[in-house]
Amino acid sequence: MKKRGWGIRLSEISTLIYLLFPILSIFDEKRGFQVVYIGVLLIFSITYLILVLCHHKLNRNSIYIMLIIHYLGIMYFVYSVNPMNSLFFFFSAFALPFMMEVSVKSKEFYTFIATMVSSLVITYYVIPTMVILLFVFYLVILIVTLGNFKAKADRKVREELEEKNKYINVLIAEQERNRIGQDLHDTLGHVFASITLKSELAEKLIDKDVEAAKKEMTSVTELSRDALEKVRSIVEDLKVQTFEEEVKSVETILNNANLKFVFHNKGGAKSLNPAKQSILSMILREAINNIIKHAQATEVVGELQEEQDTLKMTIHDNGVGIDKGKVQKLQSIEERVNYLNGNLEFHSNNGTTLLIEIPRGDIK
């Protein structure tokens, strides 16, 4: 179980207010065996305080023992005080998924259900008229509990996605560094080696053959200019990648993230000018980011279809689909499509399909 610091959340401390109900019942003069009641209340209160305030310091077995004592105390209060004292179950609705971090298939949850059933049986024999009301309360508590389990699972998925996105960002940065390093090595390495050799040769020839030395220095100048042009070309490549290069980059990233990616006719964007290719690349990257973050997909398929005046891009994933009430996630994609004077459609059926259609002409 994960350990936490002493920063107890307000929602945990607020559950202590339920102790007021059995404590106030001490002053009920109609009840006999007050010594037994006070003893049970004392044990119950200590156990409850430990569960609320010190659960992060206990192992799972110790917590389960405390939980059993807690549930036995609830059943005693249902029998000796009032069935409504079982509202302590609201604490379990929060504690099981978030504080104790157990699952629906855990022994803690099964014990929780068994205690509610036992409390209903006790109520049937003590105050039969309250069984239906108590059953409704228990049903609400159970729904809240299951909702909290789902919220906990969703939170875990989001945390895993965040970690995955961080890993993907690292891969992107690493890939870009490798590409730049390779470009510099392949493009400039032999140029600087040639400049060094020709400079050394010119230095040796300057006293023997001035004309030959001048030729070598002229060659050095030409090599320097050529190197400058190649550096400028590398810088330009850093600013703008072709759409085909972007597809290759995305493919590498998704494969490293264990997501299958296929893109058909990735060279179909060559007919677009560089500005349009750059924006189309941004649209592709944004769509892929949305899939990674939200779709829970294992496979992504893309395609470019060339028509006489338009270019159509389709991106489909086999994920959970997209809720039409949350289409704001596509807002940035739609803005870029609108900038290209294009059209965006999406369908959610066995995953999500994006259909982007843009004209081939220049951006207005």
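What share of the contacts in the chain with a separation of 6 or more comes from residues 24 or more positions apart? The figure is 69%. Keep in mind that this is a predicted model. The chain has 364 residues, of which 36% are buried, and its secondary structure comes to 11 helices and 5 strands. Much of what follows centres on helix H5, with a look at a second helix pair and a few loop residues.

**Helix H5 and its surroundings**

- H5 spans residues 89-99 and is mostly covered, with 10 of its 11 residues buried.
- The buried set is made up of Phe89, Phe91, Ser92, Ala93, Phe94, Ala95, Leu96, Pro97, Phe98 and Met99.
- Serine 92 is one to click on: this H5 residue has a relative accessible area of just 1%, so it counts as buried.
- Setting aside neighbours within four places in sequence, serine 92 touches Tyr71, Pro97 and Phe112.

**How H5 packs on H6**

- H5 and helix H6 (residues 107-126) pack at about 165°, and their axes are 11 Å apart.
- Because the cut-off for roughly antiparallel is over 145 degrees, H5 is described as roughly antiparallel to H6.
- The crossing of these two helices is left-handed.
- On the H5 side the contact uses Phe89, Ser92 and Leu96.
- H6 answers with Glu108, Phe109, Phe112, Thr115, Met116 and Ser119.
- By type, the residues of this H5 and H6 contact split into 5 nonpolar, 3 polar and 1 charged.
- As background for the spacing you see along a helix, an α-helix has 3.6 residues a turn, so residues three or four places apart point the same way.

**The nonpolar cores**

- The largest nonpolar core holds 33 residues, and the ones with the most contacts inside it are Phe89, Leu96, Met100 and Phe112.
- Helix H3 (34-53), helix H4 (60-80), H5, H6 and helix H7 (131-205) are the elements that each give two or more residues to this core.
- H5 supplies the largest share, at 8 residues.
- Phe89 and Leu96 turn up twice here: they are in the H5 part of the contact with H6, and they are also among the residues with the most contacts inside the core.
- Phe112 likewise appears on the H6 side of that contact and in the core's list of residues with the most contacts.
- There is also a second, separate core of 32 residues, which includes Phe263, Ile291, Ile322 and Val337.
- In general terms, nonpolar side chains tend to be buried together in soluble globular proteins.

**The H3 and H4 pair**

- H3 and H4 pack at an angle of about 140°, with 9 Å between their axes.
- Roughly antiparallel would need an angle over 145 degrees, so H3 is called oblique to H4.
- This crossing, too, is left-handed.
- H3 contributes Val36, Tyr37, Val40, Leu41, Ile43, Phe44, Thr47, Tyr48, Ile50 and Leu51 to the contact.
- From H4 come Ile63, Met66, Leu67, Ile69, His70, Gly73, Ile74, Tyr76, Phe77 and Ser80.
- The tally for the H3 and H4 contact is 16 nonpolar, 4 polar and no charged residues.

**Loop residues worth a look**

- Glutamate 101 comes after H5 and lies in the loop between H5 and H6.
- Its phi is near 55°, a positive value in a residue other than glycine.
- Glutamate 101 has a relative accessible area of 32%, which means it is partly exposed.
- Glutamine 296 also has a phi near 55°, again positive and again not in a glycine.
- You'll find glutamine 296 in the loop between helix H10 (274-295) and strand E2 (299-306).
- At a relative accessible area of 52%, glutamine 296 is exposed.
- Is leucine 259 buried or exposed? Leucine 259 is buried, with a relative accessible area of 5%, although it lies in a loop, the one between helix H9 (243-256) and strand E1 (260-264).
- The C-alpha atoms of leucine 259 and threonine 298 are separated by 5.1 Å, while the two residues are 39 apart along the chain.

How values were computed:
Residues are numbered from 1 along each chain as its sequence is written. This is a predicted model: local features need pLDDT of at least 70, side-chain atom pairs count only at pLDDT 80 or more; totals for chains, interfaces and linings use all residues. Side-chain values use heavy atoms; hydrogens and water are left out. Axes are lines fitted to C-alpha atoms, for helices over the stretch in contact, and angles run from 0 to 180 degrees between N-to-C directions. Helices (H or I, at least four residues) and strands (E, at least two) are DSSP runs, numbered from the N terminus. Angles under 35 degrees count as roughly parallel, over 145 as roughly antiparallel, 65 to 115 as roughly perpendicular and the rest as oblique. A crossing is left-handed if the near helix is turned anticlockwise from the far one by less than a right angle, and right-handed if clockwise. Contact means heavy atoms within 4.5 Å. Ala, Val, Leu, Ile, Met, Phe, Trp, Tyr, Cys and Pro count as nonpolar, Asp, Glu, Lys and Arg as charged, and the others, Gly among them, as polar. A nonpolar core is a set of buried Ala, Val, Leu, Ile, Met, Phe, Trp, Tyr and Cys residues joined through side-chain atoms within 4.5 Å. Buried means under 20% relative accessible area, exposed over 50%, partly exposed in between (1.4 Å probe, protein chains only).
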